[in-house]
Each structure stands twice: as C-alpha cells, then as structure tokens.
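Here is a short tour to read with the model open beside you. We will go from local backbone features to the contact between chains, and end with a pocket and a charged pair.

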Amino acid sequence: MPPGLYAIGTPDQNSAVIVTANYKLSFDIVRSSLAGRNLWLLVLETFGINVWCAAGKGSFGTEELVRRVDQAELANLVQHRTLLLPILGAPGVAAHEVSRQTGFRVNYATIRASDLPAYLDNGMQTTEAMRELTFSLRDRAVLIPVELVQALKSILPFLISVFLIGWWTAGLPSGVYGCIALLGAMLAGTAVAPLLLPWLPGPSFTLKGVVTGLLWCGICAITIGLGSSPLAVLGTLLGLTAVSAFFAFNFTGCTPFTSLSGVRKEMQLALPKLVVVGLTAAILWGCALLG
Amino acid sequence: MKKFRYLKNVATLKYDEELCIGCGRCLEVCPHAVFKLLNGRAKIIDFDACMECGACAKNCPVTALAVTAGVGCAAGLLTEWLRERGVKLKQDGC
C-alpha cells in the first residue's frame with residue numbers, strides 16, 4: 001500500500017497518530033488490532049520492508065518521518081504534538097531531531113503492533129512486557145522454511161556429488177543413504193538447532209550445531225549406518241557435524257539478540273575450524289573409497 | 001530475552017556518564033534492557049545483552065552513547081568477506 005496518512009475509523013484533531021512501515025504484514029496487524037478505534041496512521045515508505053530491517057537500513061528513519069509529517073500537514077490536522085512509533089524503529093529515528101524539525105514529540109510505544117490497544121488503554125504508557133523482545137518457539141519456527149530453501153540451494157551441488165559418488169562406488173542405496181545423511185545434517189543445523197536454541201549448550205551457535213549434528217550422527221548410526229570402514233565412519237561423523245554446525249551458525253542472522261561483534265568473533269574462532277574439519281572429512285572419505 | 005545470551009565482552013557500546021542528562025531515552029528504545037536510570041543518570045546494567053542495534057546512540061540527545069551498529073548475521077559477514085576478496089554472490093534475502 002502507498003505511504004502517507006490513513007484514517008482508522010473517524011479520527012479527529014485529538015486522535016493519536018501511529019507511525020508504521022509500508023510492510024504489508026505490519027500494516028495489516030496494526031490495522032486489524034486497532035479496528036473499532038479512531039486513529040491516524042502515518043505510513044512511511046520502507047519499500048515493503050519491515051520496521052526493524054528498514055530502521056537498520058535507514059529507510060524507516062528521521063528524514064522520511066519528517067518528510068511524511070510535513071507532507072500530511074499533521075501540524076494542522078491534530079492539536080496534540082505526539083507521534084507513536086514502534087520501538088524497533090528506533091535504530092533509524094533520532095527522536096530529538098524529529099522534535100527539532102517538526103515540533104512533534106516521539107513516543108516509542110511498543111515492540112509488537114498487537115500490544116498497541118493495551119498501550120492506548122494504559123494511558124500511552126509502555127509496560128515492561130510491551131518493551132520486552134521475545135523469541136518464542138513459534139517465532140523461531142516460522143523462520144525455518146525460508147532458511148531451509150536457502151540451505152537446500154547451497155548444498156545442492158554437494159548432494160548431487162554425494163549421490164553420484166555413492167552410487168558409482170557402492171551402488172544406488174549408498175548414494176541415497178549419503179543424501180539422506182547430508183540432508184539430515186542440514187536439517188539438524190537449519191531446523192533442529194533453531195527450535196532447540198535455548199536448551200542447547202552455548203552461547204556459540206556453532207557449538208549448538210555440533211550437538212544437533214552429533215545427535216543426527218547417532219540416529220544415522222542406528223539406522224542407515226555411518227560407513228563401511230573406520231575411515232569412512234570418522235569422515236561421516238566429522239562431515240555431518242561440520243555441516244550442521246555451519247547451518248546453525250548461519251541462523252545468527254535470524255535472531256534478535258546476536259550482535260555484529262559477536263558474530264564476527266564467532267566467525268573468526270569457529271569458521272576456520274569448520275573448514276578444516278570439513279576438508280578432513282573429505283580426505284578421510286577419499287582414502288576410504290580409494291583404499 | 002533472559003533465555004537468550006550471546007558472546008560476552010564483545011559489544012562496541014561506549015557510554016560517557018558525564019554527559020548523561022537522565023532523559024531516559026536509551027531505556028525506552030533498548031529492546032534488551034541494557035540500561036537503568038539510577039540517581040538521574042543512565043547506567044549500563046547488562047552490557048552483554050547489547051546486540052548493537054544502535055537505537056540508544058541514535059536517540060541520545062547529548063551523544064553520551066556510541067556503538068558501531070550493525071546486524072549480527074553470519075551470512076551477511078560471509079558475503080561481505082567474499083566480496084572483499086572479489087567473489088560476488090547473488091544477493092540473499094536481506
């Protein structure tokens with residue numbers, strides 16, 4: 001939907017002004033949770049991006065907010081001088097700059113749009129709960145499908161290689177088992193580690209992925225087997241664990257609590273080790289196949 | 001967010017208490033309750049919870065706060081690392 005000023009119900013000069021992004025999901029939640037009230041909704045141009053990401057990139061920002069306030073002639077439309085903003089928009093907006101340039105005071109209201117009715121009913125006071133970021137099992141689960149598609153794309157060449165090498169050297173079932181083992185390791189890092197996130201040892205995401213990877217190795221060991229020789233078994237153990245650890249580390253980008261400095265540090269510490277482990281696994285398998 | 005903790009002692013958050021006027025903006029915008037107001041001044045009470053979103057620094061009217069803001073995303077860092085070495089990947093979702 002285009003940016004600009006919208007009316008919910010029949011707002012007047014005393015109605016609150018809520019600022020949001022032109023991200024369909026936020027807009028819909030804001031509109032549906034505020035149905036039956038009379039409010040102004042000021043939608044910023046974030047090019048279809050959600051508030052949090054748009055604030056990080058600056059499109060949900062001071063400049064855009066000031067421009068929309070001017071364009072909508074908000075100062076003539078309402079008598080009060082308060083804008084209600086989502087808390088997660090704060091990385092892009094300098095509240096004092098907005099006040100200086102428009103005369104409107106910025107109130108960071110809630111993190112979740114669904115808390116807006118409670119905020120309004122609470123005399124526009126933010127409670128601790130409205131300010132607390134959560135990352136529930138459900139929040140994590142909804143992120144997984146997109147991650148799975150990305151992960152599948154990135155391991156496709158490896159899947160094909162494993163399938164062909166397995167097939168040529170030990171027959172079709174080996175090729176299929178190899179693919180199952182690799183896919184399972186990818187799932188262990190992309191789906192299982194995120195779901196079990198708070199219960200896995202950490203704080204390193206790589207470590208969490210190592211644990212789920214080893215669990216998957218255990219499942220493989222009692223079902224399809226890990227390999228026909230000690231070298232192959234060791235190669236499988238190392239390879240599957242490294243794959244799972246890598247994909248678990250990749251989930252840092254989906255969480256709302258990992259810092260850039262933290263991820264950079266983990267990358268420096270863990271990634272070289274994962275590469276070495278992965279290469280070792282490949283060499284062990286090479287030896288097992290040739291020997 | 002008490003259930004989720006990431007690496008310790010890594011955040012780039014810097015705070016000059018001398019400059020603080022106690023407006024409380026940082027408490028309002030921080031999604032991880034890093035700050036608390038004590039005797040009319042902000043105090044960092046949970047440094048390691050900082051995810052470097054930059055909201056506090058951006059909203060501090062007296063620039064008492066500074067942080068190198070960014071996104072803690074492994075894929076983003078890897079893409080950047082590869083790009084610096086001349087390897088171009090197709091743009092991902094972010």
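A:Glu73 sits in the loop between helix H3 (62-71) and helix H4 (74-77) of chain A; helices here are DSSP runs of H or I with at least four residues, strands are runs of E with at least two, and both are numbered from the N terminus. Although A:Glu73 is not a glycine, its phi is positive, about 50°. This is a predicted model, in which local features need pLDDT of at least 70 and side-chain atom pairs count only at pLDDT 80 or more, while totals for chains, interfaces and linings use all residues. Residues are numbered from 1 along each chain as its sequence is written, chains are lettered from A and ligands numbered from 1 in the order in which they are written, and side-chain values use heavy atoms, leaving out hydrogens and water.

Two backbone features can be set beside A:Glu73:

| Residue | Feature | Place |
|---|---|---|
| A:Glu73 | positive phi, about 50° | loop between H3 and H4 of chain A |
| B:Asn39 | positive phi, near 50° | loop between E2 and strand E3 (41-44) of chain B |
| A:Pro203 | cis peptide bond with A:Gly202, omega about 10° | loop between helix H9 (172-195) and helix H10 (205-222) of chain A |

Further along chain A, A:Cys254 is found in the loop between helix H11 (230-250) and helix H12 (260-290). Which residues does A:Cys254 contact, leaving aside its neighbours within four places in sequence? They are A:Phe135, A:Leu143 and A:Glu147, where contact means heavy atoms within 4.5 Å. The C-alpha atom of A:Cys254 is also 9.3 Å from that of A:Ile144, a residue 110 places away along the chain.

Now to the meeting of the two chains. Chain A brings 46 residues to the contact and chain B brings 38 residues. Together they bury about 3,600 Å², 65% of it on carbon and sulfur atoms; buried area is the accessible area (1.4 Å probe) that two parts lose on being put together, summed over both. Between the chains there are 12 residue pairs in polar contact, both at pLDDT 80 or more. A polar contact is a pair of N or O atoms within 3.5 Å; within protein, one must be able to donate a hydrogen and the other to accept it, and residues adjacent in sequence count only if both atoms are side-chain atoms. On the side of chain A that touches chain B, H12(A) gives the most, with nine residues. That side divides into 25 nonpolar, 13 polar and eight charged residues; Ala, Val, Leu, Ile, Met, Phe, Trp, Tyr, Cys and Pro count as nonpolar, Asp, Glu, Lys and Arg as charged, and the others, Gly among them, as polar.

How many salt bridges does the rule find across this interface? The count there is zero, but over all chains it comes to 11. A salt bridge is a side-chain nitrogen of Lys or Arg within 4 Å of a carboxyl oxygen of Asp or Glu. The side chains of A:Arg37 and A:Asp121 form one, at 3.1 Å from N to O. This pair links distant parts of the chain, 84 residues apart: A:Arg37 is in the loop between helix H1 (24-33) and strand E3 (39-44) of chain A, and A:Asp121 is in helix H6 (residues 116-121) of chain A.
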